[in-house]
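User: I am a first-year student, and I would like a close look at a single part of this structure, with enough of the surroundings that I can place it.

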Amino acid sequence: MDPDFPTFAASRPYTAFKQEITRIGLFLPKETVNHFSALSRYFNNLLNHLKSDFGRRFWKTLAVKNDGIRAFKSKRINFKFKQMMKLFGEIKKKVKVHKVPMWRSYSICQNCGKRYQTDFNLWFFDDQYNRYCNCEFVNGESRIEIIKRDIETNKQGIIDKKRVLVLQMRKLDERLEDLFEKEKNVNSIRHLEKMKPAFQNMKQNGHYKATRKQAASALKELEKYDSWTSRVRRNVNYKPPIGAALVGGR
Ligand SMILES: [Zn+2]
């Protein structure tokens with residue numbers, strides 16, 4: 001049933017809104033399910049006439065399209081209420097998403113300065129030595145505050161762990177860098193072979209005796225590195241089998 005308007009002009013926004021309402025409904029955030037603050041009170045009142053065809057259609061569209069609520073045919077279904085219940089269920093689930101371990105879900109009572117626990121705990125109940133809060137009403141961090149604090153503690157723990165790991169990574173990077181450098185240096189052995197002819201030339205044709213001598217000793221040193229690059233070489237730990245000399249001698 002449409003409301004009465006004093007003039008035709010006054011009814012036009014209403015008519016336009018009514019025509020588009022099912023489409024608009026799809027874009028409305030469901031957190032505003034109780035009260036669409038974007039709408040004037042006039043339209044809000046219109047929408048909340050759940051028993052009118054208009055209101056019913058609106059809430060049904062919103063609930064079915066946005067929330068996957070089943071499109072019941074019966075006119076007695078209150079889709080707004082269904083949606084509210086669904087939202088309620090979702091929020092309950094969200095709030096319970098973090099479980100504080102028992103050994104961390106305590107806080108200090110402002111009245112007695114002792115520990116209390118948010119849930120029933122036999123240690124706290126059966127307290128022989130009067131160690132824990134036994135006030136009839138505790139005064140301290142709420143359950144939500146304890147949950148939030150626990151999340152904060154966990155976050156901080158992970159952040160600290162990350163910081164240590166980043167430092168370790170940096171140190172590993174440095175060690176890797178060092179090894180890359182060593183690898184490059186070790187590879188420079190191939191330059192030694194190329195230096196041989198120059199030293200040989202110097203050894204034979206050097207102008208001064210001292211130079212020739214130095215070149216000769218450098219060449220000798222170079223020869224030591226020959227075995228470093230060849231795969232087949234004399235085994236420095238070779239020990240001839242006992243009796244081999246005899247066998248060989250026969
Ligand atoms: Zn207390």
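In which loop is Asn130 found?

Analyst: Asn130 is found in the loop between helix 5 and helix 6, and since the model is a predicted one, everything below describes a prediction.

Let us begin with Asn130 itself. This residue has a positive phi of about 60°, although it is not a glycine. Most residues other than glycine have a negative phi. Asn130 is also exposed, because 9 other C-beta atoms lie within 10 Å of its own, and the cut-off for an exposed residue is 12 or fewer.

Further along, Asn134 is found in the loop between helix 5, which covers residues 122-125, and helix 6. Asn134 has 14 C-beta neighbours inside 10 Å, so it counts as partly exposed. Its C-alpha atom is separated by 9.4 Å from that of Cys109, although the two residues are 25 apart along the chain. Phe137 has its place in the loop between helix 5 and helix 6 as well, and it counts as exposed because it has 6 C-beta neighbours inside 10 Å. The C-alpha atoms of Phe137 and Asn111 are separated by 9.0 Å, with their positions 26 residues apart along the chain.

The loop leads into helix 6, which runs over residues 143-187 and has 45 residues. From its first C-alpha to its last, helix 6 reaches 65 Å, close to the 66 Å expected at 1.5 Å a residue. Helix 6 is hardly covered, for the count of buried residues among its 45 residues is 0. Confidence in the chain is highest in this helix, at a mean pLDDT of 96, whereas it is lowest in helix 9, residues 244-249, at a mean of 56. Where pLDDT is low, the predicted coordinates should not be read in detail.

After helix 6 comes helix 7, residues 190-205, with a kink of about 35° at Lys196, shortly before the proline Pro197. Of the 16 residues of helix 7, the number buried is 1, so this helix lies largely in the open.

For a contrast with these exposed parts, we can turn to the core. The largest nonpolar core has 5 residues in all, namely Phe58, Trp59, Leu62, Ala63 and Phe79. Helix 3, residues 53-67, gives the largest share of this core, 4 residues. In soluble globular proteins, nonpolar side chains tend to be buried together.

Phe79 also belongs to helix 4, where Phe79, Lys80 and Gln83 are buried. These three cover an arc of only 100° around the axis, which puts them on the same side of helix 4. On the other side of that helix, the exposed residues are Met85, Phe88, Gly89, Lys92, Lys93 and Val95. What covers the buried residues of helix 4 includes helix 3. Helix 4 itself, residues 79-95, reaches 24 Å over its 17 residues, close to the 24 Å expected.

Finally, we can set the loop within the whole chain, which has 9 helices and 2 strands. Of its 250 residues, 6% count as buried, and among contacts between residues at least 6 apart in sequence, 43% join residues at least 24 apart. The chain averages a pLDDT of 85, and 86% of the residues score at least 70.

Definitions and conventions:
Residues numbered from 1 in each chain as written. Predicted model: local features only at pLDDT ≥ 70, side-chain atom pairs only at ≥ 80, totals over all residues. Core = buried A, V, L, I, M, F, W, Y, C linked by C-beta atoms within 7 Å. Buried ≥ 20, exposed ≤ 12 C-beta atoms within 10 Å, placed from the backbone. Expected span 1.5 Å × (residues − 1). pLDDT = per-residue confidence, 0-100. Bend = angle between axes of the 7 residues up to and from the residue. Contact = placed C-beta atoms within 7 Å. Arc of directions from axis to C-beta.
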